[in-house]
Amino acid sequence: MACGRCMPEDAAVAWRDRTQLVAVADLCHESHFSVALQRCSACGQQFASVFSERIDWHGGNDPQSTLLLPVEDAEASALLSAGDDVEHVLHTLGPRKHLDAYFGSGPAHEVHWSDGAPLFMPHH
């Protein structure tokens, strides 16, 4: 179960302190899409960290999204063994509280906790 260090109430604090998560494995690393498995150094909660960038061909400042999804041990194992199917496994994850950070092509950005199913930004 997650702790206040890895899932504090304030989403901005969670985003700022995400660097305290320990890398477990890089599962996919493409120029506009990457997935890593991380864990909290305090409580051991595992997270799937998903980065997506959508090329919009306008001004070079493309929209980016990062999701930090807490995962159970079985889900982490499925992600670790997914190989090239890691994106498919991500789409099987059900609704859960997760950190959602979106940085648009303009000055707008938002970081918030979301409780629904994770929505992955297209990344092509």
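How exposed is Phe 103, judged by its relative accessible area? In this predicted model, Phe 103 has a relative accessible area of 25% and is therefore partly exposed, since residues count as buried under 20% and as exposed over 50%. Trp 15, with a relative accessible area of 17%, falls under the 20% limit and is therefore buried.

These two residues form an aromatic pair, and the count of such pairs in the model is 1. The ring centres of Trp 15 and Phe 103 are 5.7 Å apart, and the planes meet at 40 degrees, which makes the pair tilted. Trp 15 belongs to helix α1 (residues 11–16) and Phe 103 to strand β5 (residues 98–103), so the contact between the rings ties together parts that are 88 residues apart in sequence. Trp 15 also has a charged neighbour: Arg 18 lies over the face of its ring, at 3.6 Å from the ring centre. A similar arrangement involves Trp 113, where Lys 97 lies over the ring face at 4.8 Å from the centre.

The largest nonpolar core contains 18 residues. Those that touch the most other members are Val 35, Val 50, Leu 69, Val 71, Leu 79, Val 86 and Leu 90. At least two residues of this core come from each of the strands β1 (21–29), β2 (33–40), β3 (46–53) and β4 (64–71), and from each of the helices α2 (73–80) and α3 (86–91). Val 86 may serve as an example: apart from neighbours within four places in sequence, Val 86 is in contact with Leu 27, Cys 28, Val 35 and Leu 79. A second core, separate from the largest, has 12 residues, including Met 7, Trp 15, Leu 21 and Phe 47. Trp 15 is thus a member of this second core as well as a partner in the aromatic pair.

Strand β2 pairs with two strands, β1 and β3. With β1, the pairing is antiparallel and runs over 7 bridges; Val 22 stands opposite Arg 39 of β2. A hairpin with 3 residues connects β1 to β2. The pairing of β2 with β3 is likewise antiparallel, with 7 bridges, and Leu 37 stands opposite Ala 48 of β3. The hairpin of β2 and β3 has 5 residues between the strands, and Gly 44 in this hairpin takes a positive phi near 85 degrees. Of the 8 residues of β2, 7 are buried, so this strand is largely enclosed by the rest of the structure.

Conventions:
Residues numbered from 1 in each chain as written. Predicted model: local features only at pLDDT ≥ 70, side-chain atom pairs only at ≥ 80, totals over all residues. Heavy atoms only, no water. Core = buried A, V, L, I, M, F, W, Y, C linked by side-chain atoms within 4.5 Å. Buried < 20%, exposed > 50% of the residue type's maximum accessible area, 1.4 Å probe, protein only. Helix = DSSP H or I, 4+ residues; strand = E, 2+ residues; numbered from the N terminus. Contact = heavy atoms within 4.5 Å. Pairing = 2+ DSSP bridges. Phe/Tyr/Trp six-rings, centres within 6.5 Å; stacked < 30°, edge-to-face > 60°. Lys NZ or Arg CZ within 6 Å of the ring centre and 35° of its normal.
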